[in-house]
Structure formats: C-alpha cells, structure tokens
Amino acid sequence: MEILKKRILEEGIVISDQVLKLDGLLNHQVDPELTMEMGREFARLFADQGVTRVVTVESSGIAVAFATAHELKVPLVFARRKKTLLADPDALCERVPSFTKGIVTDIMISRQFISPEDKILFIDDIIANGDAARGLIKIINRSGAELVGLGVVVEKCFEAGARTIREQGVRLESLVKIKSLAGGRIEFEQ
C-alpha cells in the first residue's frame, strides 16, 4: 500500500533499530480514511476464505480489525488483556509477553464469541517477535475454529515473528514490510 508507506515515512518516528513509533496513524491516533482503506485491502486479500469472524488483540489492532470486519460484514471479536469483574470464568486464555510494555499479560476470548464452526481472520497492527500473535493463534486453535489467515498492517522483516508464523503454515499477509530501521532510516522491503 503506497499511501501507507508514504504516511509511515511522514509520521513514523524511529526510536531505535528495532522500534518504530506509529502513534500518529495507528497506535494512538487513528486516521479513519486510511484505516478504512486498510480494512478494504485486508477484505480483498481474504475475500475468498469464507471468514465468519475477525479477531484481534486489544487495543492497537481494533481499529483496522473493525474496518476489515465492516468490509467483510462479519463480527469483530477482540482478545482482552485485562480481566474484569464480568469476565467469563471459562474464557480461552493465554499468557503472552509484551515487548513494548515490557510485561507478561494474559489475553482472553470468551468461548461465547468463538466456536468450532468459525473461520477466523486475525488482524493485527504490527508483527515483530510474534509473541502476541502466537498466543492468539493458540486460543483460536483451542477453540476448534479454523484460522484462515493473519493480516498485519506492518511487518518488521528483520524480526522473526512473521517468519515463525508462516512456518506454522499460517497464511500471513502484510500491507507494508519494513526491511530495516538501521541508522534511524525506514527501509521498506520490495
């Protein structure tokens, strides 16, 4: 997506050789037009998969996952990161480390919102080391649902996350692939 690359170059802030801050368009502030365009692209990429639900992990993936679910005309379910007093005691749960937060959290989805009859499209904002993605994939697998694919807005090709997910046999589609952040410069994969 050329428009996404352009916006990343304009608004992305390289924090280090490993960290790209995209708060202005993805992780703190959301551009509705760009987000809907991303959702349309994911819907196009996975249109032939018979998706019955879109899932994501709270919170940065929610906007793009919503746009995708809207285009596919299916429900969106997001894995919660915090238990509430109303949480389903029988929820599907997985412990995952968070690189950006520097902590380990539980992610959970109520069994009421995911079933063996579902064909799941998992949408996420960024894939780096892939810990959260692997955790949600485990939840989807335990539910008995079929994971038809994973769509990520930004893939950091210099980290192992996307590669390890693909090695599991999961179809992973990225809107933008970043080859390097070395020297404070964003370099896209061709």
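**Figure 1. Close-up of R166 in helix α6**. In this predicted model, R166 is partly exposed, with a relative accessible area of 30%. The residue belongs to helix α6, which spans residues 161–167. Apart from neighbours within four places in sequence, R166 is in contact with E155, L172, S174 and K177. G149 lies 17 residues away from R166 in sequence, and the two C-alpha atoms are 9.9 Å apart in space.

**Figure 2. Close-up of A162 in helix α6**. A162 has a relative accessible area of 1% and is buried. Its place is in helix α6, the helix that also holds R166. When neighbours within four places in sequence are set aside, the contacts of A162 are I127, A128, E155 and L172. E155 and L172 are also among the contacts of R166. Between the C-alpha atoms of A162 and V176 the separation is 12 Å, for residues 14 apart along the chain.

**Figure 3. Close-up of the packing of helices α3 and α4**. Two packed helices are described by the angle between their axes and the distance between the axes. Helix α3 covers residues 32–45 and helix α4 covers residues 62–72. The angle at which they pack is about 55°, and their axes are 7 Å apart. The two helices are therefore oblique to each other. Their crossing is right-handed. On the α3 side, the residues that meet α4 are T35, M36, M38, G39, R40, F42 and A43. On the α4 side, the residues are A63, V64, A67, T68, H70, E71 and L72. By class, the residues of this contact are eight nonpolar, four polar and two charged.

**Figure 4. Close-up of the buried residues of helix α4**. Within α4, the residues V64, A65, A67, T68 and A69 are buried. Of these, V64, A67 and T68 are also listed among the residues that meet α3. Helix α3 is one of the elements that cover the buried residues of α4. The cover also includes helix α2 (23–27). Strands contribute too, including β3 (53–57), β4 (76–79), β7 (119–127) and β8 (146–156).

**Figure 5. Close-up of the loops on either side of helix α4**. The loop between β3 and α4 contains S59. The peptide bond from E58 to S59 is cis, and its omega is near 5°. On the other side of the helix, K73 is found in the loop between α4 and β4. K73 comes just after α4 and has a positive phi of about 60°. This positive value occurs in a residue other than glycine. With a relative accessible area of 72%, K73 is exposed.

**Figure 6. Close-up of F46 in the loop between α3 and β3**. F46 is buried, and its relative accessible area is 0%. Beyond neighbours within four places in sequence, F46 is in contact with V51, L121, V148, G149, L150, G151, R171 and E173. M1 is 45 residues from F46 in sequence, and the C-alpha atoms of the pair are 16 Å apart in space.

**Figure 7. Close-up of R81 in the loop between β4 and β5**. The loop that holds R81 leads to strand β5, residues 92–98. R81 counts as buried, with a relative accessible area of 18%. R95 is 14 residues from R81 in sequence, and their C-alpha atoms are 9.6 Å apart in space.

**Figure 8. Close-up of the cysteines C93 and C157**. A disulfide is a covalent bond between the sulfur atoms of two cysteines. With sulfur atoms required to lie within 2.5 Å of each other, the count of disulfides comes to zero. C93 is partly exposed, at a relative accessible area of 29%. C157 also counts as partly exposed, at 27% relative accessibility.

Technical notes. Residues numbered from 1 in each chain as written. Predicted model: local features only at pLDDT ≥ 70, side-chain atom pairs only at ≥ 80, totals over all residues. Heavy atoms only, no water. Axes fitted to C-alpha atoms, helices over the stretch in contact; angles between N-to-C directions. Helix = DSSP H or I, 4+ residues; strand = E, 2+ residues; numbered from the N terminus. Parallel < 35°, antiparallel > 145°, perpendicular 65-115°, else oblique. Left-handed = near helix turned anticlockwise from the far one by under 90°. Contact = heavy atoms within 4.5 Å. Nonpolar A, V, L, I, M, F, W, Y, C, P; charged D, E, K, R; others polar. Buried < 20%, exposed > 50% of the residue type's maximum accessible area, 1.4 Å probe, protein only.
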